[in-house]
Structures are given as structure tokens and as C-alpha cells.
Amino acid sequence: MKISGIFRKAIFTITTILIASCSSNNASQMKNLSSLSTKTQFQYANEKLPHKELQVIFQLTKDKIDVVDISAKKISRQALVKLLKQNEGKNIANGDTFIDCVVLTHTNRSKPCFTDAKKNIPENSVFHDSEVSGGMVLMTVLVPYIVVGAASDGDFYVNNKIDNELLNRVGATIKSDIFTTKNEIHDALTNNAITTFTKNVKPYMSLIDHDFLIKAINSAQSIEKLESIKRLLSDDNYYGFVVKSPVVNQRNRPSTKGKIINKHKKGTLIISEKIEDGWVYNGEGWIYKKILLSRLADAQKAISYRENNLRLNQRYAGLVSGSSVASINKVLNNKEHLAGIPQDKINKLKAKRYALLDEADFKAAKQKNTVAGFDRYLAQHKKGAYRNEALLAKKAIFVSQASFDGYMNAFALTKKRSFLALAKNAIVNSNESVHVNRQLLDTYFEAQIKHKNSISEFAGLLDKINDASINDYSKKLLKLSGINTSFRTDNYLESIEYQYILQYFTPQLNVNYHHKYLNLDLTYPDINIRIKEDANCDFKETKNGVRNRGFLESLVTLNGDDKVAYTYDVFNCKLGRNELTSVKKLLHDLPYYADFSASTLSKSWEATETTSSYTYSTETKSTSFSSQLADWKYTVKCTGTTFSGTPPRTYSGLIINSTHSDAYLTAQKVQSDMDCNDRFGSRYIGEGYLDMEIQ
């Protein structure tokens, strides 16, 4: 029904409305008149009306006033004349009931709903001086608990003109009634009780904000609450449209080609006077209907949706009333029971079942009080509510065993290092050999044995453990921090490495002879050991040599020369008497594999020591090593430290009338007196590379 339907209904059935209003409900709602309070009269003066103007139809006796209908649409002259015709022959002073209409505006000024061309009010209006005489007392129907009245000692009309002061007083009291009733509706909509009122509030429903109403509907907690809200809404009192887009255009004709004359933002209330070809006319222009939202249809849809949810919730509450796994399984296995139930509700039901199973399984494990029982619970309930309790119970069982395995299981469970000491003491304090879980023993090793100084302690534990040997851990022991690989002949056999680990293995022995020392290289399965002994060496001669430089050698040094000329000293070396005795004693006590005889250790060997060298390129002039006298140019190439990016630098000099050997020694002395580092800074390497070129 369009908004005009309200007034059509008022025109054709006004008599019925008035009789019902006066004789029954509204008569009982009216309050006794009290003196007018200025504060009460104007307390809502600054409240903003929901529309630019409100047309209020009211009924009046000599001491009471009551609102019959409220509309944002102006009543027509024909409708007003028919409305006021009901007042014919009545006298307010005799207690008759009149009906009339007043307009409330944003300016807080009131005016009659209709006057003729000469600004005269119709004859049957309560405001016409020929019908209403002086001495009338006027009162509004009050909000609950408060009485608001209006009084006048004079006529409504003075010299055939409307008494504007009285009109404004009437308007103010009606406005007070509108806002107090609106607040009462708000309060009733937002509480959980069934929405009831002490008077008929349907005419006021058009004033309720749509978002507020939808929120109240969505918050309703019972079907009865929704039914009470539904009874308040109809085409007659909850009409109009709401803008649902961010902004809509209002045009001068019902077409997208019409000129835009106004814009409305989202949430704006649009009152329809007529609808034509899918366009809504609001009295000023046309708005496309599809981008508007019918308030009544939207509210009814929200009620239906909420009602459906509440019914599902009620059914769901009945489904979950069972407190056993069997009863929940019965529901979950019945698809008909679950029809329409939201998935989140079904998930909650499954969660309840899991919680019941979780509790039951933990109680069973607790009753058995075994590690296996708690392990079964923990395996089945990865997210169980009793996991921490199960873990604490397991720890208590392990500790109560007072054994290496028990304490190590407690350590594995809690990572508390205090259990490592208890595990160790359980073995140390035992009067006999013990059996332990090998995996737990490995866990102890990884957690406690970090340095070679702990090897002797660990070996002591292994001595008291059945079916465990130090050999089982040799590979791990040789990777501990502090393990040495270099020894002297007089300290190897007493070392921790040999005493606790390597004595159980036979190495491959290789003897390597060097200038001033001899190396005994022992190759074990998981480690290489070098034992060094000093030698006595005597100088024999000095020699020169040339060798090719490899590609990688040139690349690493960033030097492109392909030859190395070097000078080296030759020595005759031999072990001294004490050193020979020490080596022989070691080899006597040490099992090994070798392809040599220990008697050869008493023989001497020849050793060399390079004293100087330089590089050169075969692309330069031929270098002579003869005793021929010549002029020699030496060039020293200084390179930066590896990968530093420092560019190479060179310096050179000339040696006159000299043999190659003498010239080389002279150039070498220049090198040593001031090397590359001294000449060019710390970013250059040592003495550099010397190149000799005959001139």
C-alpha cells in the first residue's frame, strides 16, 4: 500500500477509528489533566524530526488530546474536509470528541494541515472560532508516568485568525509525545521481553530509524519477540524506501536521461507519492526504484531470516541436550536431524563429542596409571585438554622407578638437566652392572658429553653398563671439542685420545722425513694422528732449480709467470740418540701396520730447505745462469692480498756488470731491506715476485 493509503483508510473508516479510539483502548490511555509545565513542554523543542514536515491527525476532548496517525505526506483538501466533517454538531465544552490535523516542522512552528485560498481554516476544525468558544483546556496524551498539559483562557481564534501561540503549544506537546513514544519504542525493541505498550504505537512506527529496527530484529532472542515486532509493522505505518547505494540521483523525470536535480546519500529515507515505470516519485523528483530498499520488505525479510535461525537454534539446543557420546553420535549420524543446522553449530557438536571422549580416555589412563596408558591417551588426543596432566603423570612414574632409564625418560619428557645427574648417580651408586636402554644412553651422551675432558667420566659409566663399550662411541668421541691430532713421541700413549679411544684400533703407519724433524703419521678409521720428533741436521750444499708453475698456483697469486727459479740448501739429517730411543720405544708399545723396518730410523736422510725463489715468464729474454758478466734489470711485482681487489704495483732497478747469481742476490737483498708492505702499505703481500732480465 502506498503512503496515500493511510489517508484513504482514514477517510473511509474514520468513524470506526474514532469510536474505537474513544470508547476503548485510547480512552483508557488518556491521563487526567495537570497544569502546564514550560520545561516539559519545550524539552523536545531542539529534537530533530525524522522528516521535513509531519502531518499529525489527533483527537481532542475538552481536557485530553491523543495522536491518531502520523504521516510525512501532506493530506489532501478532500481528505481533510471529510475528516473534519466528523466534527459537525459537536461542542467541545460538552465533552464531545473532535478530530483535527496539525503540521509539525523543523522550525518548531506548528500550522494547520489545511487552509483555503484566503488562509481561512475549514469550518469544522477545532480551531474555528464559530465552533470552539473560550475557556477550553487542552492536554496531550502523555508518555508513561508523566503528565503534560496545555491550557488557554481565550479562544483558539481571535478576530477570525488562528491563535498561532496556541497552535505552537499544541504542536510542542504533540512533538513531546512523539519523541517520548519513540524512545519508549526503542527501549521496547532492544530488550529481550516481548514488545508491548500501554497505548497504540503503530502510528509512530514510521518514525523509527530503519537500521535501528533491523538491529533489534537481528538481536531478538525468541520467536515471540519477533512476532510482537511483526505485529507493529504494516504498509500503513512502515512505508517508504531507504537508499542502499553510496549515493543515488534524483531526476526531473522517470528516465536515466532526466536531468539530475538532487542526490541522496546511503540511508536516506525516501517517501513515495507514486511509482511509475520502476521509478519512485517523492514529491520533488524521480529515483530509480531498483537502487532503493523497501523498508517494510527489508524488515519482513530480516524477521523471516531471524525467525528461521531461532527455530534452528531451538532445534539445535534440543539436539545437543544429550550429554553422552552415544547420544551425540546418534544426532551426527542422522542427516535429517542436521538439515538446516549451520556448519558452525555442527562443528560445536563435534567438539562436544571430542571433549567427552577426551575426558573419558584420560580418566581411563589415569585409572591404569601406566606409561603405556598415558602414551595411548597422548597419541589419540593431539589437542586433548588433559595432555599436560598426562605428561606430569608419566614423569611421576619415571621418577618413581629411580633408575637410569626412568630419569632419562623424565629428561626426554621435560628437558630438565637435573634428571641427567640423577641418571648418572643411578649407575654410579649401583652395586652391580646395570642394563639400560641404548637409545636413552645415546640421549645422555648427546646431552652431557660435550668435551674430551668428559670422556673418562663416560667411560666409567660404560664399565658398569652391560652390553655397552667405549668402542661403540669412538666415532662420536673423536668429534668432541678439545680432541687433538698432533702429539710428541713422549705424550701420545698417555693422552686421553689414545687411552680411551685409539688404543683399541691398529693404525697404518707412514714415516715422513723433513728438515729438522721426523713425522710418524698414523691413519685410524675415523682420524689421522701426527707424532713429531726433532732431528739433527748438518748443512751440505746450496743448489738452484727451476720448476713450472701450475695454472691454479698462478690464479691464486694473481701472477701470470709460468716459471719458478729457486735456491735451496741441502742437509744431512739424523735422529739424536735420545730422540731415536723415544721413537723406538713408542713404536715398540704401539701396534701398527707398516712396510718399513724400525732399524732404518738410525740411518741419516737428506733434506732440503728453500732459501729463495722468484718467478718469471718464458716470454721474456733468455735468462743465463752462467758466470758471464752482464747488466741485469730486476723487477719486483707486488700484489694485493687475495681477493682484496687492490691493483698490482711494481718497482725495478739495474745491476751493472754482474753474474746472474750475484745480481740475483743483490736484488733479493733490495727486496728484503724494503718489501712490498713497506713500500706500498699493508694491503700488499710481503716481498712480492722478483723477475731478472738480462740487458
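Trainee: What joins β19 to β20, and through how many residues?

Mentor: A hairpin makes the connection from β19 to β20, and it does so through four residues; strands (E, at least two residues) and helices (H or I, at least four residues) are DSSP runs numbered from the N terminus. This is a predicted model, in which local features need pLDDT of at least 70 and side-chain atom pairs count only at pLDDT 80 or more, whereas totals for chains, interfaces and linings use all residues. Residues are numbered from 1 along each chain as its sequence is written, and side-chain values use heavy atoms, with hydrogens and water left out.

Trainee: How do you know that β19 and β20 pair, and in which sense do they run?

Mentor: Two strands pair if DSSP finds at least two bridges between them, and seven bridges join β19 (residues 517-523) to β20 (residues 528-534), so the pair qualifies, with the strands running antiparallel. One bridge links Y517 to D534 of β20, and another links L520 to I531.

Trainee: What makes the pairing of the sheet that holds β20 parallel, antiparallel or mixed?

Mentor: The open sheet has four strands in the order β17-β20-β19-β18, and its pairing is mixed. The edges are β17 (486-488) and β18 (508-514), each of which pairs on one side only. Neighbouring strands are turned by 25 degrees against each other on average, direction ignored, where axes are lines fitted to C-alpha atoms (for helices over the stretch in contact) and angles run from 0 to 180 degrees between N-to-C directions. Helix α21 (residues 577-589) packs on this sheet, touching β18, β19 and β20 (contact: heavy atoms within 4.5 Å), and its direction makes about 155 degrees with that of β20. The parallel part of the mixture includes β17 and β20, which pair in that sense over three bridges, with I531 as the partner of F487 in β20.

Trainee: Which side chains of β20 are called buried, and which are not?

Mentor: Buried means under 20% relative accessible area, exposed over 50%, and partly exposed in between, with a 1.4 Å probe and protein chains only. By that rule I529, I531 and E533, which point to one face, are buried, while N528, R530, K532 and D534 point to the other face and are not.

Trainee: Why are β2 and β4 called edge strands?

Mentor: They belong to an open sheet of four strands in the order β2-β1-β3-β4, with antiparallel pairing. Because β2 (65-71) and β4 (110-112) each have a single partner strand, one side of each is left without a neighbour in the sheet. The twist there averages 35 degrees from one strand to the next. β4 is joined to β3 (residues 98-105) by three bridges, one of them between L104 and S110.

Trainee: What makes an empty space a cavity or a pocket?

Mentor: On a 1 Å grid over the protein atoms alone, a cavity is a set of points where a 1.4 Å probe fits but cannot get out, whereas a pocket is an open set with protein on both sides within 12 Å along at least five of seven lines, and lining residues have an atom within 4 Å of a point. Grid points are joined across faces, edges and corners, and volume is the space filled by probe spheres set on them. The whole structure holds two cavities of 30 Å³ or more, the second largest having about 30 Å³ and a lining that includes F505, Y524 and P525. The largest pocket, of about 870 Å³, is lined by 31 residues, with P50, H51, K52, L269 and I271 nearest its centre.
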